[in-house]
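Hi,

Here is the structure I promised to pass on to you. My notes follow below it, and I hope they save you some time when you open the file.

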Amino acid sequence: MIDPEALLLATTVIGREDPRLFEEVLDWLAQFGTLLNLQRLKNLQSSTGLGDPTVLGAMAEWLGKNAGQPRWKAVAAKKLHGASTQSLFYHEPSKLIREPDPEFAAYGIERPRVHLRGMSGPPDHRHIANLVVTFRSLIGVSARVEIILALAGGVPAHASEIARMTGYAPRTVQTLLQEMTLSGHLLTAEVPIRYDKVRRGANRRYQIRASDWAFLSGGQPIPQWFRWAPLFRLILEVLAAIPEAGANARSQVVISSKLREVLTTHGESYMADGLLSELDLRPRAGSEELLRSLAARLPHLITRL
């Protein structure tokens, strides 16, 4: 399933390499940006560090002023106004920009004035990868969407696990779970515990019957929920460590050293999300082993998801 908030955050970095990609994303947001959960967007950015907050703020500023979506102003990072000037697109020198865009310029980002084609289409509900935005289109933009889809894979989970999986505050998720159980479609199970040792309800797991939600996927099995934000973060770190085509070559030792720093800094988070075991990564692995594991497993993981 596509995670629209994580994908947008990744695009604030990757899209700077490809102006056409960036413009198509902005075009889609101008028409369907109301389908994004802006609170979740901010939560993911602050909790994972994914994305470029300056670019995100400029996009939000533009959408709020030019796309009839004023709620995006809540994402606009006012403290970044007046930041040092930089070109939005890495391979487009600022001196070639004749008519800069004022909303992006307010964030110190130089780019040509935005002129969108308006050709973006709505999410295709027939593709199960679009299930998040399809479900939001049906019942509204709410954390309930991610909670249901996170449990639809069939694995019961604690409230804290669901909060981590979906990118919402634990208290928000706990409150919603308690309300949703009243519907009879969100089930709970508890193992007897000693309440003098563990607070009541701490071992409660939530689950749903996949058959109750089969209409969402046309009878197909709903895919297992996956936390895209950490994987996107890792991919961007890998790309940053590898020199661009035509740049001075770097030795395996230098590249692996940069990646090892990433694993040391974010290793616990990647371990909690299962990425270290999935990619067979060990922070203390030798240079050749580390690069070989990434080269062999990362493309396969991306393709499989």
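**Salt bridges around the first helix**

Let me start with the pair that caught my eye: Arg 136 and Glu 5 form a side-chain salt bridge, with N and O 2.7 Å apart. Arg 136 belongs to helix α6 (residues 131–139) and Glu 5 to helix α1, so this pair ties together parts that lie 131 residues apart in sequence. Please keep in mind that this is a predicted model.

Are the two partners buried or exposed? Arg 136 is buried, at a relative accessible area of 2%, and Glu 5 is buried too, at 0%. Setting aside neighbours within four places in sequence, Arg 136 is in contact with Pro 4, Glu 5, Leu 35, Leu 36, Asn 37, Arg 40, Val 141, Val 145 and Glu 146.

A second salt bridge joins the side chains of Asp 3 and Arg 40, at 2.8 Å from N to O. Asp 3 sits in the segment before α1 (4–14), while Arg 40 is part of helix α3 (residues 38–48), so the pair links parts 37 residues apart in sequence. Asp 3 counts as buried because its relative accessibility is 7%, under the 20% cut-off. Arg 40 is buried as well, with a relative accessible area of 2%.

For a local pair, have a look at Glu 61 and Lys 65, which form a salt bridge whose closest N and O atoms are 3.3 Å apart. Both residues are in helix α4 (residues 53–66), four residues apart, so about one helical turn separates them. Glu 61 is buried, with a relative accessible area of 5%.

Back to the earlier pairs: salt bridges with shared partners join Asp 3, Glu 5, Arg 40, Arg 136 and Glu 146 into one network. In total, the structure holds 18 salt bridges.

**What surrounds α1**

How many of the residues of α1 are buried? Eight of its eleven residues are, so the helix is largely enclosed by the rest of the structure. The buried residues of α1 are Pro 4, Glu 5, Ala 6, Leu 8, Leu 9, Ala 10, Thr 11 and Thr 12. Among the elements that cover them are α2 (19–32), α3, α4, α6 and α10 (228–241). Helix α6 is also where Arg 136 lies.

**The chain as a whole**

Stepping back, the chain has 13 helices and four strands. Its radius of gyration is 21 Å, close to the 19 Å that the globule rule gives for 305 residues, so the chain is as compact as a globular protein of that length. The C-alpha trace spans about 70 × 50 × 40 Å along its principal axes.

Of the 305 residues, 43% count as buried. Among contacts with a separation of 6 or more, 67% are between residues 24 or more positions apart. The chain exposes about 16200 Å², of which carbon and sulfur atoms supply 55%. As for charge, there are 36 positive and 30 negative charges, and their mean positions are 5 Å apart.

If you only have a minute, I would begin with Arg 136 in helix α6 and follow the network from there to Asp 3, Glu 5, Arg 40 and Glu 146.

Best wishes

Notes:
Residues numbered from 1 in each chain as written. Predicted model: local features only at pLDDT ≥ 70, side-chain atom pairs only at ≥ 80, totals over all residues. Heavy atoms only, no water. Helix = DSSP H or I, 4+ residues; strand = E, 2+ residues; numbered from the N terminus. Rg over C-alpha atoms; globule rule 2.2 N^0.38 Å. Buried < 20%, exposed > 50% of the residue type's maximum accessible area, 1.4 Å probe, protein only. Contact = heavy atoms within 4.5 Å. Areas by Shrake-Rupley, 256 points an atom, 1.4 Å probe, with all protein chains shown as cover. Lys, Arg positive; Asp, Glu negative; His and termini not counted. Charge placed at Lys NZ, Arg CZ, Asp CG, Glu CD. Salt bridge = Lys/Arg side-chain N within 4 Å of Asp/Glu carboxyl O.
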